[in-house]
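User: I'd like to practise reading a model by eye. Could you walk me through some features, giving the general idea and then the case at hand?

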Amino acid sequence: MIEKKIKCPSCGYETTIQGKLGESKKITCPKCNKKGFFEFSKQKGTKKITDNPMMLSVTSLTKSFNGKKAVNNASFSVHKGEIFGFLGPNGAGKTTSIKAILGLLYPNNGQILIDNQNLMHDEKKIKEQVGYLPEKVAFYENLTALQNLEFYAEMKNANKSQCKPLLKEFGLADAMDQKVGTFSKGMNQRLGMARAIIGNPSFLILDEPSSGLDPRGVVFIREKIKTLNEQGATIFISSHILSEIQAICHRVGIINKGSIVAVDDISNLQNRLQLRPKLVLTLEKIKKDFISAVEAIEGVFSVKQEKDALEVFCRKDVKANVVLTLSKKKAKIKDIQTMNPSLEEVFMRFTEADTV
Ligand SMILES: Nc1ncnc2c1ncn2[C@@H]1O[C@H](COP(=O)(O)OP(=O)(O)OP(=O)(O)O)[C@@H](O)[C@H]1O
Ligand SMILES: [Mg+2]
């Protein structure tokens with residue numbers, strides 16, 4: 001049993017609660033009666049990614065175009081060893097933030113530190129330290145894929161011998177002597193990714209890496225990102241493919257209309273929004289006492305009847321108990337489905353208004 005001092009988000013009242021590792025506890029504030037949940041971290045004493053030193057720190061970043069704020073007072077940080085997902089609707093300010101981080105445009109206000117250095121006016125140094133996949137990948141169209149990569153390797157003071165194996169790895173073995181101007185969108189994107197990792201940068205910024213890729217390409221890039229991260233690279237990735245972000249990112253930042261509306265790991269965001277796994281049990285016949293028996297189980301938050309099915313929102317660890325309770329009541333279960341909350345729900349909720 002562990003003890004944790006918590007503060008009510010509504011009235012600020014401090015109280016101490018007890019629970020087991022991994023337990024999610026329903027709490028009612030003794031002062032203002034606000035209801036909520038607290039999840040005790042699964043592994044006690046394990047180092048969190050946010051304990052690592054910062055690779056990127058963005059403070060109060062603001063950038064306006066023609067008097068209109070594209071990014072408004074945005075602050076967030078990415079820690080060494082992290083895969084950080086940067087999400088937001090079209091026009092939210094992701095690419096503008098990324099360009100400011102890379103020194104490709106000058107912000108109206110704010111501070112950006114990469115590995116604790118202010119490189120805002122040192123584009124050359126940023127290029128040496130950071131691998132970048134831009135949203136719109138552009139190459140010298142009259143040069144071949146290999147010539148383009150070798151030119152870039154030279155600029156980065158990286159070993160040119162990396163280029164051919166990289167092109168092979170990214171599925172461009174047969175196209176390495178083809179002029180890039182004749183490349184398809186997906187081939188261009190693959191070449192862009194290969195260029196981003198030339199010189200083995202310790203920090204990679206990828207603006208929509210899966211854009212234009214076929215399904216196999218999407219999986220390949222996802223696995224490559226994971227491998228690079230395992231080898232030590234810190235990765236900042238903007239993407240609209242939420243399943244991909246959910247699968248690989250340690251934490252996400254959500255930007256909406258230029259403002260950061262959330263930064264956290266996905267399960268904490270789900271908890272903040274009280275998104276719970278849903279257990280859907282299709283029964284031969286639903287009786288009233290089935291519902292009241294399930295409602296009485298500790299860890300069940302709500303039970304709803306939907307035609308011949310019971311929809312039960314509950315903690316992960318009580319799902320088996322729900323099934324057992326219904327069996328004891330002689331309910332005939334025809335089907336069981338578990339629906340885990342997705343990042344899509346988190347994204348929709350955080351971007352439906354300016355803030356949550
Ligand atoms: N060079 C520019 N001149 C004028 N407005 C710009 C410029 N670049 C970006 N904007 C505006 O800034 C806002 C944010 O654009 P940005 O490209 O950062 O969005 P985004 O989050 O990357 O969107 P998407 O998901 O579509 O790529 C938009 O309203 C866009 O029109
Ligand atoms: Mg963009």
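**Reading the features one by one**

Analyst: Sure. Let's begin with a pair of helices: α9 and α10 cross in a right-handed sense. Keep in mind that this is a predicted model.

User: Which residues of α9 and α10 make the contact?

Analyst: On the α9 side they are Phe290, Ala293 and Val294, and on the α10 side Val322, Thr325 and Leu326. By class that gives 5 nonpolar residues, 1 polar and none charged. As for the general idea, a helix has 3.6 residues a turn, so residues three or four places apart point the same way. For the geometry, α9 (residues 288-295) and α10 (residues 319-328) pack at about 145 degrees, and their axes are 10 Å apart.

User: Now a sheet. In what order do the strands of the open sheet run?

Analyst: The open sheet has 3 strands in the order β6-β5-β8, and the pairing is antiparallel. β6 (68-79) and β8 (109-114) have a single partner strand each, so one side of each has no neighbour in the sheet; these two are the edges. Averaged over neighbouring strands and ignoring direction, the turn between them is 15 degrees.

User: What packs on that sheet?

Analyst: Helix α1 does, touching β5, β6 and β8, and its direction makes about 115 degrees with that of β5.

User: Is α1 largely enclosed or largely open, and why?

Analyst: Largely enclosed by the rest of the structure, because 8 of its 8 residues are buried. The buried residues of α1 include Lys94, Lys99 and Ile101. Just after the helix comes Gly103, with a positive phi near 75 degrees.

User: How do I check the register between β5 and β6?

Analyst: Look at the bridges. Strand β5 (residues 54-65) is joined to β6 by 8 of them, and the two run antiparallel. Ser64 stands opposite Lys69 in β6, and Val58 has Phe76 of β6 as its bridge partner. For side chains, the general idea is that in a regular strand they alternate between the two faces of the sheet.

User: What happens at the turn of that hairpin?

Analyst: There are 2 residues between β5 and β6, and Asn66 there has a positive phi near 50 degrees. You can compare another hairpin: β15 and β16 also have 2 residues between them, and Lys307 in the turn has a positive phi of about 55 degrees. Strand β15 (residues 300-306) is joined to β16 (residues 309-314) by 6 bridges, running antiparallel, and Ser302 stands opposite Phe313.

User: Where else should I look for positive phi?

Analyst: Try the loops. Asn157, in the loop between α3 (145-155) and α4 (163-169), has phi near 55 degrees, a positive value in a residue other than glycine. Glu208, in the loop between β10 (203-207) and α6 (215-230), is not a glycine either, and its phi is positive at about 55 degrees.

User: Are Asn157 and Glu208 buried or exposed, and why?

Analyst: Count C-beta neighbours inside 10 Å. Asn157 has 9 and therefore counts as exposed. Glu208 has 20, so it counts as buried.

User: What about a residue in between, such as Asn52?

Analyst: Asn52 counts as partly exposed because it has 14 C-beta neighbours inside 10 Å. You'll find Asn52 in the loop between β4 (35-39) and β5. Setting aside neighbours within four places in sequence, Asn52 is in contact with His79, Lys80 and Gly81. By contrast with those contacts, look at Lys68: it is 16 residues from Asn52 along the chain, and their C-alpha atoms are separated by 36 Å.

User: Last one: which residues surround ligand 1?

Analyst: The shell consists of Phe65, Ala70, Gly88, Asn90, Gly91, Ala92, Gly93, Lys94, Thr95, Thr96 and Glu135. It divides into 3 nonpolar, 6 polar and 2 charged residues.

User: Which element gives the most to that shell?

Analyst: Helix α1 (residues 94-101), with 3 residues. That ties back to the sheet, since α1 is the helix we saw touching β5, β6 and β8.

Key
Residues numbered from 1 in each chain as written. Chains lettered and ligands numbered in written order. Predicted model: local features only at pLDDT ≥ 70, side-chain atom pairs only at ≥ 80, totals over all residues. Near = placed C-beta within 6 Å. Helix = DSSP H or I, 4+ residues; strand = E, 2+ residues; numbered from the N terminus. Nonpolar A, V, L, I, M, F, W, Y, C, P; charged D, E, K, R; others polar. Axes fitted to C-alpha atoms, helices over the stretch in contact; angles between N-to-C directions. Left-handed = near helix turned anticlockwise from the far one by under 90°. Contact = placed C-beta atoms within 7 Å. Buried ≥ 20, exposed ≤ 12 C-beta atoms within 10 Å, placed from the backbone. Pairing = 2+ DSSP bridges.
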